[in-house]
Amino acid sequence: MGHNHLETQPIAGALGAEVHGVNLADDLDAATFNAVHQALLDHGVIFFRDQNITPAQQLALAKRWGGVHLHPYIPSLPDHPGVFEIVKDVDDRHTLGGMWHTDQMFTPTPVRATMLYAKVVPQAGGDTMFANMYLAYDALSDGMKDMLGGLRTVNQYNKKKQRAAAMQVSAPEEEAITAEHPLIRTHTETGRPALYISYDGITRRFAGMTDEESRPLLDYLMEHATRPEFTCRFRWEEGSLALWDNRCVLHMALNDYHGHRRVMHRITIEGEATH
Ligand code: SIN
């Protein structure tokens, strides 16, 4: 696919494409922005290499997609509200986002897209994996699709686990954020149905059912959703930037580089109510 100077190159059969020929430090003209936006809709997650952008430029780029979301618990960089640093240092064992999830599913209006920019990466390891939830839905049997159609999930921010993993978080212990969403989410721009689910620390149960009743089916669906043929894996370099669509894509940061440092700048774009 090409748009003037812009080219996309898929990195896997399921989802994900590298976009070449765009300098994200520039103020993208309307045609280039529209082509990048279309690439995001077509591929679910897109990647840019060799970018050199400041937090202010990353914010300006993110605002082309909508309002910038402020994380309820994780503080922003001091002069750049909406940009937060994900750091795993040489002594850290945890990584933020180390389980399959879609961002901020525990809020009523989960973020639409996430933009992650690599500042420091280990020589090996620290890749991010993505999974295509349109494919996961499409692969279910008709009987299963019918059964899942009316279900809603209850999603919660698991404060203890998440706080430990997210390092700088300062949420009061008693505070909890919970949101219900349809298990099958219709994407507002493509109109396609997608499985909408996260790991068990976030997606706790089906609405109207107990945890015990819900867990076997949720476990099956997570295993199904992350089948290798629905995924891609991105190898970061310094200056790489990924942009993914949380309405139809799951992601997971691989925690396989202990003793090395990784620093990313993350921005999320405000989303809408699910249906
Ligand atoms: C995240 O879940 O947003 C973090 C992904 C990563 O650091 O690779």
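**The ligand shell and two loop residues**

Reader: Which residues are around the ligand in this structure?

Author: This is a predicted model, in which local features need pLDDT of at least 70 and side-chain atom pairs count only at pLDDT 80 or more, while totals for chains, interfaces and linings use all residues. Residues are numbered from 1 along each chain as its sequence is written, and side-chain values use heavy atoms, with hydrogens and water left out. A residue belongs to the shell if one of its heavy atoms lies within 4 Å of the ligand. The residues around the ligand are Ile86, Leu96, Gly97, His101, Leu116, Thr128, His251, Ala253, Arg262 and Arg266.

Reader: What is the distance between an oxygen atom of the ligand and an N or O atom in the side chain of Arg262?

Author: A polar contact is a pair of N or O atoms within 3.5 Å. For His101, a polar side-chain atom lies 3.1 Å from a ligand oxygen, and for His251 the value is 3.0 Å. For Arg262, the distance is 2.8 Å.

Reader: How much of the ligand's accessible area does the protein cover?

Author: Accessible areas come from the Shrake-Rupley method with a 1.4 Å probe. On its own, the ligand has 260 Å² of such area, and the protein covers 100%.

Reader: Is Gln104 buried or exposed?

Author: Gln104 has a positive phi of about 55 degrees although it is not a glycine. Most residues other than glycine have a negative phi. Buried means under 20% relative accessible area, exposed over 50%, and partly exposed in between (1.4 Å probe, protein chains only). Because its relative accessibility is 4%, Gln104 counts as buried.

Key
A polar contact is a pair of N or O atoms within 3.5 Å; within protein, one must be able to donate a hydrogen and the other to accept it, and residues adjacent in sequence count only if both atoms are side-chain atoms.
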